[in-house]
Amino acid sequence: MTDDDADTVLIAGTASHAGKSTLAAGLCRLLARRGVSVAPFKAQNMSNNARVALAPDGDWGEIGVSQHVQARAAEIPATTDMNPVLLKPRGDGESQLVIDGEAVGHFAAGEYYADHWERARDAAVAAHRRLAADHDVIVAEGAGSIAEINLHDRDLANVECARFADAAILIAVDIERGGAFASLYGTLELLPDDLRERVAGAVITKFRGDPALLEPGIAEIEERTGVPIVGVVPHDDPGLPAEDSLSLPDAGGEGDESRSNALSADDGVPDESAVRVAVPRLPRISNFTDLEPLAREPGVRVAYVPLDAVRGDPLADDPLADADAVVLPGSKNTVDDLLALREAGLDGEIRRFEGPIVGICGGYQLLGERITGADIEGTGSRSTVEGVGVLPVETRFSPDKRVERVTRSIGRIGPLAGASRTATGYEIHMGRSSPTEAIDRPLGPESAATDRALGTYLHGLFENQGVRAAFVDRVFEAAGKSRPAVGSGGGDDDETGEADGRSPSDRAADLVDDNVDLATLGLSELG
């Protein structure tokens, strides 16, 4: 083990979306239930869904949403040590590099590995050391596949983490995609020898059906590899926030088929009684988890409008025809998403839309009259770009980035006319927005609202129950429908409860507790 007292378990995967985040959150909550001091960790993450956390210098920084959620599962405050290296893709192979919560620049992959990877590794080692000094167990999450042999000499999230953390490795194997046993066998064969020795077991995830059907395959893979299958986790979505846009509904489909691509709760509300919140599927969409609390509300369907389906499609002349509200989410590159929106002709549809409109962060900037100091992707030029023109504001970009957790008083106007008190969330943005004429500012000095539209930098807006209820009431009112009297989609924040009273973290913990043999990981005696 390392010189620190904490044990580290690295949950790696045979592929992306193998269930690593769910297992990590579940294990964090399960150990916390047992009185174990546990902390999450991901040495390097790639995600445009970020949250605000405390940095080592006491200031605010940003981390990936999964580690923020896992910190809540562990019942401890989130810090940037839990995700010391964050890459935020912005298009054309380039990402913003965030180290210890602070953005340090935009780099192509080759430049990052050649000039900045060593600094990133040093930050990850130091962050793990600080966590290990304060906790008994570190639950580390890998990234993608641990068997990417082209990256083994620079795989910070998997290979390097396992080594510097002296971690036991648990491999998640997604059986839903097929070929689970072959994926596990190939993964083990491709691991460096020192990592192969660290593998304590594997978990088969997302299984549907009778686990007894797997027994012959499990027996043979254990005999061939010597690695025990320590659990078979059934297919069950506990409701944890998604980390990237691959988790969004399929963008394809027309008519009734496209309705099935909306995010919504299994609420029993018929479509004709529900309202539809349209969300333009921006090419560089970020922090779309802002929409998930709305999708949990009974009778609310959050439907993503694909720009490619709108562009040049005569059947998509009015893509907002069946929408009752529009929400524009965040963007990692506001200007280029604005140009994509305009190319698709959706900017005009939004201007003509008569229902409630909300823009959050980049979506707010899109709704303004213009953006100045804009960096147009691929050209290196900076100029003025005309916005959608729904709100009388101008956004000026600058190198400074605002990262802060905030509480705002709510002004009751427009889409939030029925709200009261305050709203808590976080701001992560570059650029400053100011009004071009007198306008209400219901959520602080950089917000703006009219009778039908709201713009704000407050991520997590709809995690505030009062705000969410006011907006949903307004949407049903605008649609001329009665809001279903079937209860609420839950309370505030990432720990929103389900109908059975369990939070997503508790549901993930129950999945681990019921289906994974922790004794193999040497953790059963803890607590």
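**Note on helix packing and selected loop residues**

1. Helices H3 and H4 pass each other in a right-handed crossing. The contact draws on Tyr112, Trp117, Ala120, Arg121, Ala124, Val125 and His128 from H3, and on Leu156, Glu160 and Phe164 from H4. By class, the residues of this contact comprise seven nonpolar, one polar and two charged. The model under discussion is a predicted one.

2. The geometry of this pair deserves a statement of its own. H3 covers residues 109-134 and H4 covers residues 156-164; the two pack at an angle of about 45°, and their axes are 11 Å apart. H3 and H4 are therefore oblique to each other, since angles under 35 degrees would count as roughly parallel and those from 65 to 115 as roughly perpendicular.

3. Ala109 belongs to helix H3. Is Ala109 buried or partly exposed? Its relative accessibility is 44%, so Ala109 counts as partly exposed. Ala109 and Leu87 are 22 residues apart along the chain, and 10.0 Å separates their C-alpha atoms.

4. For the chain as a whole, the secondary structure amounts to 15 helices and 24 strands. The chain has 527 residues, of which 57% count as buried. Of the contacts between residues at least 6 apart in sequence, 75% link residues at least 24 apart.

5. Helix H1 (residues 20-33) contains 14 residues; the distance from its first C-alpha to its last is 20 Å, close to the 20 Å expected at 1.5 Å a residue. H1 is mostly covered, with 11 of its 14 residues buried. Those buried are Lys20, Leu23, Ala24, Ala25, Gly26, Leu27, Cys28, Arg29, Leu30, Leu31 and Ala32. The charged residues Lys20 and Arg29 are thus among the buried positions of H1.

6. Where does H1 lie in relation to H2? H1 and helix H2 (residues 65-74) pack with their axes 7 Å apart and at an angle of about 20°. That angle makes H1 roughly parallel to H2. The crossing of H1 with H2 is right-handed.

7. On the H1 side, the contact with H2 involves Ser21, Ala24, Ala25, Cys28, Arg29 and Ala32; these meet Ser66, Gln70, Arg72, Ala73 and Ala74 in H2. The contact divides into six nonpolar, three polar and two charged residues. An α-helix has 3.6 residues a turn, so residues three or four places apart point the same way. In H1, Ser21, Ala25, Cys28 and Ala32 are among the contributors to the contact with H2.

8. Both sides of H1 along the chain carry a residue with a positive phi. Ahead of H1, His17 sits in the loop that joins strand S1 (7-13) to H1. His17 is not a glycine, yet its phi is positive, at about 60°. With a relative accessibility of 33%, His17 counts as partly exposed. Just after H1, Gly35 adopts a positive phi of about 85°. Most residues other than glycine have a negative phi. On that ground, the value for His17, a residue other than glycine, is one that a reviewer may wish to inspect.

9. Cys361 is another non-glycine residue with a positive phi, here near 55°. Cys361 occupies the loop between strand S18 (357-360) and helix H13 (362-367). Because its relative accessibility is 7%, Cys361 counts as buried.

10. Helix H15 (residues 504-515) has 12 residues, for which 1.5 Å a residue gives a span of 16 Å; the separation of 17 Å between its end C-alpha atoms agrees with this. Its buried residues are Pro504, Ser505, Arg507, Ala508, Ala509, Asp510, Leu511 and Val512. What do the buried residues of H15 pack against? Their partners are H1, H2 and strand S12 (229-234). H15 therefore brings this note back to the H1 and H2 pair, which pack at about 20°.

11. Asp290 is located in the loop between strand S14 (285-286) and helix H9 (292-295). A relative accessibility of 3% means that Asp290 counts as buried. Leaving aside residues up to four places away in sequence, Asp290 touches Ile360, Tyr426, His459, Gly460 and Phe462. Asp290 and Gly330 are 40 residues apart in sequence, and their C-alpha atoms are 8.7 Å apart in space.

Technical notes. Residues are numbered from 1 along each chain as its sequence is written. This is a predicted model: local features need pLDDT of at least 70, side-chain atom pairs count only at pLDDT 80 or more; totals for chains, interfaces and linings use all residues. Side-chain values use heavy atoms; hydrogens and water are left out. Axes are lines fitted to C-alpha atoms, for helices over the stretch in contact, and angles run from 0 to 180 degrees between N-to-C directions. Helices (H or I, at least four residues) and strands (E, at least two) are DSSP runs, numbered from the N terminus. Angles under 35 degrees count as roughly parallel, over 145 as roughly antiparallel, 65 to 115 as roughly perpendicular and the rest as oblique. A crossing is left-handed if the near helix is turned anticlockwise from the far one by less than a right angle, and right-handed if clockwise. Contact means heavy atoms within 4.5 Å. The expected span of a helix is 1.5 Å times one less than its number of residues. Buried means under 20% relative accessible area, exposed over 50%, partly exposed in between (1.4 Å probe, protein chains only).
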